[in-house]
Amino acid sequence: MSAGAAGDYDVVILGGGSGGYACALRSAELGLSVALVEKGRLGGTCLHQGCIPTKALLHAAEVADVAREGASFGVKTTFESVDMTGVNAYKDGVVGRLYKGLQGLVKAAKIDYVEGAGVLDGPRTVVVGDRRVTGRNLVLATGSYAKSLPGLEIGGRIMTSEQALAIEDVPARVVVLGGGVIGVEFASVFKSFGSEVTIVEALPRLVAAEDEAISKQLERSFRKRKIAFKTGVRFAGATQRGDVVTVSLESGETIDADLLLVAVGRGPVTDGLGYEAAGVAVDRGFVPTDERLRTNVEGVYAVGDIVPGLQLAHRGFAQGIFVAEEIAGLAPAVIEETGIPRVTYCDPEIASVGLTEPQAREKYGDVATYEYNLGGNGKSQILGTQGFVKLVRRVDGPIVGVHMIGARMGEQIGEAQLVVNWEAHPEDVASLIHAHPTQNEALGEAHLALAGKPLHAHA
Ligand SMILES: Cc1cc2nc3c(=O)[nH]c(=O)nc-3n(C[C@H](O)[C@H](O)[C@H](O)COP(=O)(O)OP(=O)(O)OC[C@H]3O[C@@H](n4cnc5c(N)ncnc54)[C@H](O)[C@@H]3O)c2cc1C
């Protein structure tokens, strides 16, 4: 047991999700005494209701598509059906193994794991049942929940991602409310599983946070996959009668479905936790911080989804590690939000880092862009995927944005983020050799073209 057993820890962390547990592990590595308070399951949303189970579903979806499409590769396969019991067993198996591994890591690090719901009592103390856990530093990491819309109650056939991850049968017709990351990922899964899918999105395009060229390509691909979507359309209400959910739009149109998935964003979990009473400023539920993740109260930090910005697990990990190092006095480098890679795992996958073209124009004035079509990439042709790599650079300057779409393009984000975060010029990347035939070559070729020496591309 750590030095904290007597009551005073170096670090007390409220919430054991991506942000919280990363902070706990790094703090312990640095020799700090740590208490980690978690009311649910260690690993939080990402492990149990987010990244991991959804990506397992997306992989099962890919297997279903491969079974359907065997003939186009000369392999005689037939697709029979999706057995949700089997899919859920596979998904839960993946989650279970990672959960066990994570519990082992926390135990081995000698972190005091406190089970139960914590509430702040002042800026140094978390109360969990009849226990008071006090620390020199407090890290708030209580994460996020799936939002709904006013008047739209979750229950029955109206679900958020949380319930949709546990369905026992493939619904025949699904309406997905929200064309953001979570919405398009689920739409992709349901379509591959055999559902008829309609996405309803109030904004003018799917994945509206991405560069517009990406949205256009995704919409083309979804049309081809026969995933219906209505953009620029506002939801008016939904009613459940028997086995049917009827979704009405402000246009007067109605759509009947067997499942309505509400994917309209995630709100911060900060209500009723004593944050404001402890003096911590809260803005629309979020906890604002400075660039060193300090709240307005000395010794109190916040990490992960409760901090305004990208709601991504690896951002939470990075912030958790940052805060641990900050507390240990290592003065870590500030995390640049635009340098955080983003992947959407629908089919086709989307991967981006840095600024979109309009963002870059706003920041730097004139910029140069290049779009390398995957039509010229051997491996993409072998896979039968369409898409592109789009680069955005400052005129005669570094690459400030990389935007990619196509099957498996998520795997290319590693190099893309090095390029953006190390402020590489196209000429720097053009001199690096990319293995043939890989999809990674598409990234190399895009840089070759932007450096003025295209190979398998029309300049
Ligand atoms: C469907 C879905 C798919 C996603 N896919 C991806 C993906 O592919 N890639 C990606 O990067 N991100 C993905 N995300 C986002 C990712 O899950 C979150 O960004 C990440 O989990 C945030 O980490 P966090 O630590 O801030 O919060 P959480 O993971 O939400 O953890 C917060 C923890 O705090 C605990 N807690 C809350 N209140 C208390 C309290 N009072 N006392 C004790 N404990 C408390 C909760 O039980 C929870 O375990 C996805 C999210 C969803 C919903």
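**Exercise 1. Which residue stands opposite Gly354 in E22?**

Before you start, keep in mind that this is a predicted model. Now work out the partner and the pairing around it.

*Solution.*
- Step 1: Find the two strands. E19 covers residues 349-354 and E22 covers residues 399-406.
- Step 2: Check how they run. E19 and E22 pair in the antiparallel sense, and six bridges hold that pairing.
- Step 3: Read off the partner. Gly354 faces Gly401 of E22.
- Step 4: Try a second pair. Val353 sits opposite Val402 in E22.

**Exercise 2. Place E19 in its sheet: what is the strand order, and which strands are at the edges?**

*Solution.*
- Step 1: Write down the order. The sheet is open, has five strands and reads E18-E19-E22-E21-E20, with antiparallel pairing.
- Step 2: Pick out the edges. E18 (342-344) and E20 (367-373) each pair on one side only, which makes them the edge strands.
- Step 3: Add the twist, which averages 10° from one strand to the next.
- Step 4: Look at the helices on the sheet. H7 (residues 212-224) packs there and touches E19, E20, E21 (388-394) and E22, with its direction at about 0° to that of E22. H9 (residues 357-364) also packs on the sheet, touching E20, E21 and E22, and its direction makes about 160° with that of E20.
- Step 5: Go back to the E18 side. E18 and E19 run antiparallel, joined by three bridges, and they form a hairpin with four residues between them. One facing pair here is Arg342 and Ser352 of E19.
- Step 6: Check how covered E19 is. Six of its six residues are buried, so by the 20-neighbour cut-off within 10 Å the strand counts as mostly covered.

**Exercise 3. Is Tyr9 buried or exposed?**

*Solution.*
- Step 1: Locate Tyr9, which belongs to strand E1 (residues 8-14).
- Step 2: Count neighbours. Tyr9 has 27 C-beta neighbours inside 10 Å, so it counts as buried.
- Step 3: Look along the sequence. Tyr9 and Arg124 are 115 residues apart in sequence, yet 9.8 Å apart in space, C-alpha to C-alpha.

**Exercise 4. Describe the shell around the ligand: which residues are closest, and how many surround it?**

*Solution.*
- Step 1: Start with the count. The ligand is surrounded by 36 residues, and the closest are Gly15, Gly17, Gly44, Gly143 and Gly304.
- Step 2: Sort by element. Those giving two or more residues are H1 (18-29), E2 (34-38), H2 (44-49), H3 (51-69) and H8 (313-327). H2 supplies the largest share, four residues.
- Step 3: Sort by character. Eleven residues of this shell are nonpolar, 21 are polar and four are charged.

**Exercise 5. At roughly what angle do the axes of H1 and H8 cross?**

*Solution.*
- Step 1: Take the geometry. The two axes come within 7 Å and cross at roughly 35°.
- Step 2: Give the hand, which is right-handed for H1 and H8.
- Step 3: Name some contact residues. H1 brings several, among them Ser18, Gly19, Ala22 and Arg26, while those from H8 include Ala313, Phe317, Gly320 and Glu325.
- Step 4: Sort the contact of H1 with H8 by character: eight residues are nonpolar, seven are polar and two are charged.

How values were computed. Residues are numbered from 1 along each chain as its sequence is written. This is a predicted model: local features need pLDDT of at least 70, side-chain atom pairs count only at pLDDT 80 or more; totals for chains, interfaces and linings use all residues. A residue is buried if 20 or more other C-beta atoms lie within 10 Å of its own, exposed if 12 or fewer, and partly exposed in between; C-beta atoms are placed from the backbone. A residue is near a molecule or strand if its C-beta atom, placed from the backbone, lies within 6 Å of it. Ala, Val, Leu, Ile, Met, Phe, Trp, Tyr, Cys and Pro count as nonpolar, Asp, Glu, Lys and Arg as charged, and the others, Gly among them, as polar. Two strands pair if DSSP finds at least two bridges between them. Axes are lines fitted to C-alpha atoms, for helices over the stretch in contact, and angles run from 0 to 180 degrees between N-to-C directions. Two residues are in contact if their C-beta atoms, placed from the backbone, lie within 7 Å. A crossing is left-handed if the near helix is turned anticlockwise from the far one by less than a right angle, and right-handed if clockwise.
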